[in-house]
Amino acid sequence: MLSVGEVAREAGVSGSAIRFYERQGLIEAGRTSGNQRRFGPDAACRVRVARVAQRVGLSVGEIRDLLAALPPDPGLADWQRLHDQLTAEAERRIAELHAALGDIRSGRRLCDL
């Protein structure tokens, strides 16, 4: 079991980010007898996935759903499936942005004032 600081170091984020992700339900912690948070071994991976998903443009709710679909002890195939989903979503959003950029560059008036 990992402390907030250990997960933060492994994920490359601050301790406050770990607590934020926990409050948002993206990662879960148990508590020690001294009421300290302890995270499972995949917590840092989940945080790194969440950060990439945020950069893709997913909302916290969408990221929560994505991570909730993982089994409690995800294996390589589970992470690969998540990787494929994120890749497909990023590519879909890029295509939408290219289409919007095409509209902007088309020379057509976007509105009549």
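Helix 4 provides the largest share of the lining of the largest pocket, 3 residues. The model is a predicted one, in which local features need pLDDT of at least 70 and side-chain atom pairs count only at pLDDT 80 or more, while totals for chains, interfaces and linings use all residues. Residues are numbered from 1 along each chain as its sequence is written, and side-chain values use heavy atoms, with hydrogens and water left out.

The volume of the largest pocket is about 230 Å³. A pocket is here an open set of points on a 1 Å grid over the protein atoms alone, where a 1.4 Å probe fits and protein lies on both sides within 12 Å along at least five of seven lines; lining residues have an atom within 4 Å of a point. The volume is the space filled by probe spheres set on the points, which are joined across faces, edges and corners. The lining comprises 15 residues, and Leu26, Ile27, Glu28, Asp42 and Arg46 are the closest to the pocket centre. At least two lining residues come from each of strand 1 (29-31), helix 3 (43-56) and helix 4 (60-68). These elements are DSSP runs numbered from the N terminus (helices H or I, at least four residues; strands E, at least two). By class, the lining holds 7 nonpolar, 3 polar and 5 charged residues. Ala, Val, Leu, Ile, Met, Phe, Trp, Tyr, Cys and Pro count as nonpolar, Asp, Glu, Lys and Arg as charged, and the others, Gly among them, as polar.

The salt bridges (a side-chain nitrogen of Lys or Arg within 4 Å of a carboxyl oxygen of Asp or Glu) number 8. Three of them are listed below.

| Salt bridge | Closest N to O distance |
|---|---|
| Arginine 37 and glutamate 22 | 2.4 Å |
| Arginine 93 and glutamate 62 | 3.6 Å |
| Arginine 93 and glutamate 89 | 2.5 Å |

Arginine 37 in strand 2 and glutamate 22 in helix 2 (residues 15-23) are 15 residues apart, and their pair links distant parts of the chain. Arginine 37 is partly exposed at 23% relative accessibility, whereas glutamate 22 is buried at 18%. The cut-offs are under 20% relative accessible area for buried, over 50% for exposed, and in between for partly exposed (1.4 Å probe, protein chains only).

Arginine 93 of helix 5 and glutamate 62 of helix 4 are 31 residues apart in sequence, so their salt bridge ties these parts together. Arginine 93 is buried, with a relative accessible area of 18%; glutamate 62, at 38%, is partly exposed. Glutamate 89 shares helix 5 with arginine 93, 4 residues away, about one turn of the helix. A network of salt bridges links Glu62, Glu89, Arg92, Arg93 and Glu96.

Two further features concern the surface and the backbone. Leu101, Ile104 and Leu110 make a nonpolar surface patch of about 300 Å². Such a patch joins nonpolar side chains (Val, Leu, Ile, Met, Phe, Trp, Tyr) within 5 Å, from residues with over 30% relative accessible area and no salt bridge. Isoleucine 104 belongs to helix 5 (residues 76-105) and is exposed, with 55% relative accessibility. Asparagine 35, in the loop between strand 1 and strand 2 (37-39), has a positive phi near 65 degrees although the residue is not glycine. Asparagine 35 is exposed at 52% relative accessibility.

Technical notes: Patches are made of residues with over 30% relative accessible area and no salt bridge: like charges are joined within 9 Å, nonpolar side chains (Val, Leu, Ile, Met, Phe, Trp, Tyr) within 5 Å. Accessible areas come from the Shrake-Rupley method with a 1.4 Å probe; for residues, only the protein chains shown count as cover.
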